[in-house]
Amino acid sequence: KRVRQMRHLPPLNELRTFEAAARFRIFKLATEELFVTQRAISQQIQGLETHLGVSFFIRNATGLELTSRGAELLPETAHALQILGEAL
């Protein structure tokens, strides 16, 4: 069962992008941290939202606001990336 669940995980880059964008609440700051374009950030987020079938952000004039699903995912994703970073 564990292997089956692993196959359905979204790409790691999409999770890293989500975590940075959610933490900063501005795509521009996420681009600086991840060394990618704003378009790449937007595409990664869109890919993650499509993969999981939910929206994580509300885009507004001042930046990004997390949806309830985004707020739930952020601490879990940050923790998972921390564990992965420590393991590597």
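Lys28 counts as partly exposed in this predicted model, because its relative accessibility of 48% falls between the 20% limit for buried residues and the 50% limit for exposed ones. The residue lies in helix H3, which covers residues 27–34. Lys28 and Glu14 are 14 residues apart along the chain, and their C-alpha atoms are separated by 16 Å.

Leu84, in helix H5 (residues 68–87), is likewise partly exposed, with a relative accessible area of 33%. Together with Leu12 and Leu88, Leu84 forms a nonpolar patch on the surface. The accessible area of these three leucines together is about 320 Å².

The interior may be approached through its aromatic rings. Counting ring centres that lie within 6.5 Å of each other, the model contains 3 aromatic pairs. One of them joins Phe18 and Phe56, whose ring centres are 5.1 Å apart; the planes meet at 55°, so the pair is classed as tilted. This contact links distant parts of the chain, since Phe18 belongs to helix H2 (residues 12–24) while Phe56 sits in the loop between helix H4 (38–52) and strand E1 (57–60), 38 residues apart. Both Phe18 and Phe56 are buried.

Another pair is formed by Phe27 and Phe57, with ring centres 6.2 Å apart. Here the planes stand at 85°, which is over the 60 degrees required, and the pair is therefore edge-to-face. Phe27 in helix H3 and Phe57 in strand E1 are 30 residues apart, so that this pair also links distant parts of the chain. Phe27 and Phe57 are both buried. Through ring pairs, Phe18, Phe27, Phe56 and Phe57 are linked into a cluster.

A further ring contact involves a charged side chain: Arg23 lies over the face of Phe24, at 4.7 Å from the ring centre.

In soluble globular proteins, nonpolar side chains tend to be buried together. In this model, the largest nonpolar core comprises 16 residues. Which of its members touch the most other members? They are Phe18, Ala21, Ile45 and Phe57. Phe18 and Phe57 thus appear in this group as well as in the aromatic cluster. Helices H2, H3 and H4 and strand E2 (63–66) are the elements that give two or more residues to the core. Of these, H2 provides the largest share, with 5 residues.

Notes: Residues are numbered from 1 along each chain as its sequence is written. This is a predicted model: local features need pLDDT of at least 70, side-chain atom pairs count only at pLDDT 80 or more; totals for chains, interfaces and linings use all residues. Side-chain values use heavy atoms; hydrogens and water are left out. Helices (H or I, at least four residues) and strands (E, at least two) are DSSP runs, numbered from the N terminus. Buried means under 20% relative accessible area, exposed over 50%, partly exposed in between (1.4 Å probe, protein chains only). Patches are made of residues with over 30% relative accessible area and no salt bridge: like charges are joined within 9 Å, nonpolar side chains (Val, Leu, Ile, Met, Phe, Trp, Tyr) within 5 Å. Accessible areas come from the Shrake-Rupley method with a 1.4 Å probe; for residues, only the protein chains shown count as cover. A salt bridge is a side-chain nitrogen of Lys or Arg within 4 Å of a carboxyl oxygen of Asp or Glu. Rings of Phe, Tyr and Trp (its six-membered ring) pair if their centres lie within 6.5 Å; planes under 30 degrees apart count as stacked, over 60 as edge-to-face and the rest as tilted. A charge sits over a ring if NZ of Lys or CZ of Arg is within 6 Å of the ring centre and within 35 degrees of the ring normal. A nonpolar core is a set of buried Ala, Val, Leu, Ile, Met, Phe, Trp, Tyr and Cys residues joined through side-chain atoms within 4.5 Å.
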